[in-house]
Amino acid sequence: MRLVTDSPRETFELGVRIGKGLTAGAIICLSGELGAGKTALTQGIAKGLEVEDYITSPTYTIVNEYQGRLPLYHFDVYRLENEEELYEIGFDEYLERGGVIIIEWASIIEDALPHEHLWITIERGEGLDQRVLHFHSRGKLYEELLKELSQ
Ligand code: ADP
Ligand code: MG
């Protein structure tokens, strides 16, 4: 599935709809170049999860934790040097905690990802403010959500 947004606000609102539909254990993988809108989408998802804090890319800390109606673990793995570092920060434990996991630059750790996840690739569209979001559902958890989003 593919959706087009024409402003940061629209991407945020799309994120809110995604966030409202997520359940415990959801894993959202984001890819797309710098400035694609991964964090903008994440901010919307956080809002949909009723997180009240302001979300920024955890580029230096790798992971930030928030509390909403579910815990949110927001990863940005851009600066990870290798997969070992991922285990050092306790990625495996995060997977067991029953929260929602969002990973910016997920393709860097593709081999370490659980089988079931929602993959969203964001590309630039026409003009400065258009973005094209490609959704790939890997696992049943996300099929219902994608159906809702496409309506
Ligand atoms: P990333 O996390 O992928 O590096 P950010 O979300 O931090 O990207 O930044 C996206 C940038 O693109 C912001 O400056 C935002 O204002 C701008 N932008 C323009 N159009 C859009 C859009 N349709 N959706 C999301 N961001 C957009
Ligand atoms: Mg970012």
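A polar contact here is a pair of N or O atoms within 3.5 Å; within protein, one atom must be able to donate a hydrogen and the other to accept it, and residues adjacent in sequence count only if both atoms are side-chain atoms. With that in hand, let us start at ligand 1, where an oxygen atom of the ligand is 2.8 Å from a polar backbone atom of glycine 35.

This is a predicted model, in which local features need pLDDT of at least 70 and side-chain atom pairs count only at pLDDT 80 or more, while totals for chains, interfaces and linings use all residues. Residues are numbered from 1 along each chain as its sequence is written, ligands are numbered from 1 in the order in which they are written, and side-chain values use heavy atoms, with hydrogens and water left out.

**Around ligand 1**

Here are the polar pairs for this ligand.

| Residue and atom | Ligand 1 atom | Distance |
|---|---|---|
| Threonine 11, polar side-chain atom | nitrogen | 2.5 Å |
| Glycine 35, polar backbone atom | oxygen | 2.8 Å |
| Arginine 131, polar side-chain atom | oxygen | 3.1 Å |

On its own, ligand 1 has 580 Å² of accessible area, and the protein covers 74% of that (Shrake-Rupley method, 1.4 Å probe). The shell holds 16 residues, and Thr11, Gly35, Lys38, Ala40 and Asp129 come nearest (a residue is near if one of its heavy atoms lies within 4 Å). Sorted by class, five of the shell residues are nonpolar, six polar and five charged. Helix α2 gives the largest share, three residues (helices are DSSP runs of H or I with at least four residues, strands are E runs of at least two, numbered from the N terminus).

**The magnesium site**

Ligand 2 is a magnesium ion whose protein donors, Thr39 (OG1), Ser57 (OG) and Glu104 (OE), lie 2.2 to 2.3 Å away. Donors are N, O and S atoms within 2.8 Å of the metal (3.2 Å for Na, K and Ca); water is not among the atoms, so sites may look incomplete. Along the chain, the donor spacing reads T-x17-S-x46-E. Threonine 39 sits in helix α2 (residues 38–48) and glutamate 104 in strand β5 (residues 100–104), 65 residues apart. Threonine 39 counts as buried at 18% relative accessibility, and glutamate 104 is buried at 2% (buried is under 20% relative accessible area, exposed over 50%, partly exposed in between; 1.4 Å probe, protein chains only).

**Serine 31**

Strand β2 (residues 27–31) contains serine 31, a buried residue with a relative accessible area of 10%. Its side chain makes a polar contact of 3.2 Å with that of threonine 121.

Key. Nonpolar A, V, L, I, M, F, W, Y, C, P; charged D, E, K, R; others polar.
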